[in-house]
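Dear colleague,

I am handing over the structure below, and after it I set out what was found. Please read the notes with the coordinates open.

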Amino acid sequence: MYQRTPNHVAIIMDGNGRWGKKRRLSRSEGHYAGAKRMEDVIDASIELGIKVLTLYAFSSENWSRPSDEVNYLMDLPVKFFKKKLPEFMRRNIQIRISGNTAPLPDKTREVLARVVASTENNTGIVVNFAFNYGGRGDIIHAAKALIEEVRSGKISKDEMTEERMEQLLYTGDLPSPDIIIRTGGEKRISNFLLWQSAESELYFSDVYFPDFTGELLAEAVGRQPVNSYLSG
Ligand code: IPE
Ligand code: IPE
Ligand code: MG
């Protein structure tokens, strides 16, 4: 279907709430359906040979939602990872988190830390969850670390390069995304991977995330122009 698979696919998993509403269900039921769908998207990514899959699961702006919804979204990774960790180990899947985990509830932060530590040496697909992630916050966080490296004498001012900055972002040593997919019909970036998306293709789908099948992922990735892999 496509000639070369992108290394890194990033998805803004949007439309869970509207999916619930359309079915006369709650927004939380939409989030639950979105989490189920994430399992298919991970499976499809492995089949497609994608090396890194970044999933935008909670933005730094999402704290402003009603507290019931925020609480639900903080509980969801606890349930999801408790269920999935043995399978992730069996399938050699490495889990990473991009974002500021410090303000998360203890149980959420602990589960995320445990999953990251347990899967650290797995060598298969990297599934990177952007959780309490914001692109501006990511850049500030990296800039502070970079300034500290100069201040402490670890590097000189001339060594404040794009490459060094990039390594200090939450995405660290991961390659930049080849393609950023947003489901749910909105055509915005919503503070996702601002630095990292400088050269990414943007792909928008009207489908709500809980309906975003592996086939739709393959279609999105298949639209990638082959040329974009040849140069890099
Ligand atoms: C995306 O779905 C998931 C999160 C932001 C956690 P939304 O909850 O934004 O769903 P819509 O956009 O309101 O339909
Ligand atoms: C982006 O969706 C964040 C996630 C999918 C986690 P939002 O629904 O929060 O973004 P806006 O509010 O439409 O910009
Ligand atoms: Mg939304």
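In this predicted model, a polar side-chain atom of R188 lies 2.6 Å from an oxygen atom of ligand 2, and the protein covers 78% of the 390 Å² of accessible area that ligand 2 has on its own (areas by the Shrake-Rupley method with a 1.4 Å probe; for residues, only the protein chains shown count as cover). Two further side chains reach oxygen atoms of ligand 2 through a polar atom, that of N62 at 2.8 Å and that of R182 at 3.3 Å; a polar contact is here a pair of N or O atoms within 3.5 Å.

The residues around ligand 2, meaning those with a heavy atom within 4 Å of it, are I12, M13, D14, Y56, A57, F58, S59, N62, R65, R182, R188 and S190. By class this shell has five nonpolar, three polar and four charged residues, where Ala, Val, Leu, Ile, Met, Phe, Trp, Tyr, Cys and Pro count as nonpolar, Asp, Glu, Lys and Arg as charged, and the others, Gly among them, as polar. Strand β2 (residues 52-59) gives the most to the shell around ligand 2, with four residues; helices (H or I, at least four residues) and strands (E, at least two) are DSSP runs numbered from the N terminus.

As to ligand 1, 13 residues surround it, the closest being D14, G17, R18, R27 and R65. An oxygen atom of ligand 1 is 2.6 Å from an N or O atom in the side chain of R65, while for the side chain of R27 the corresponding distance is 2.9 Å, and a polar backbone atom of G17 is likewise 2.9 Å from an oxygen atom of the ligand. Of the 380 Å² that ligand 1 exposes when taken alone, the protein buries 87%. Its shell draws at least two residues from each of α1 (16-22), α2 (27-48) and α3 (67-90), with α1 giving the most, three residues, and by class it comprises three nonpolar, five polar and five charged residues.

Strand β1 (residues 8-12) is mostly covered, since five of its five residues are buried, that is, under 20% relative accessible area (over 50% is exposed, in between is partly exposed; 1.4 Å probe, protein chains only). In a regular strand the side chains alternate between the two faces of the sheet. Both faces of β1 are covered, with H8, A10 and I12 buried on one side and V9 and I11 on the other. β1 pairs with β2 in the parallel sense over five bridges, V9 having L53 as its bridge partner in β2, and four bridges join β1 to strand β5 (residues 179-182), also in parallel, where the partner of I12 is R182; strands pair if DSSP finds at least two bridges between them.

For the chain as a whole, there are eight helices and six strands, and buried residues make up 47% of its 232 residues. The radius of gyration is 18 Å, which agrees with the value near 17 Å for a compact globule of 232 residues (taken over C-alpha atoms; the globule rule is 2.2 Å times the number of residues to the power 0.38).

Residues are numbered from 1 along each chain as its sequence is written, and chains are lettered from A and ligands numbered from 1 in the order in which they are written. Local features need pLDDT of at least 70 and side-chain atom pairs count only at pLDDT 80 or more, whereas totals for chains, interfaces and linings use all residues, and side-chain values use heavy atoms, with hydrogens and water left out.

With best regards

How values were computed: A polar contact is a pair of N or O atoms within 3.5 Å; within protein, one must be able to donate a hydrogen and the other to accept it, and residues adjacent in sequence count only if both atoms are side-chain atoms.
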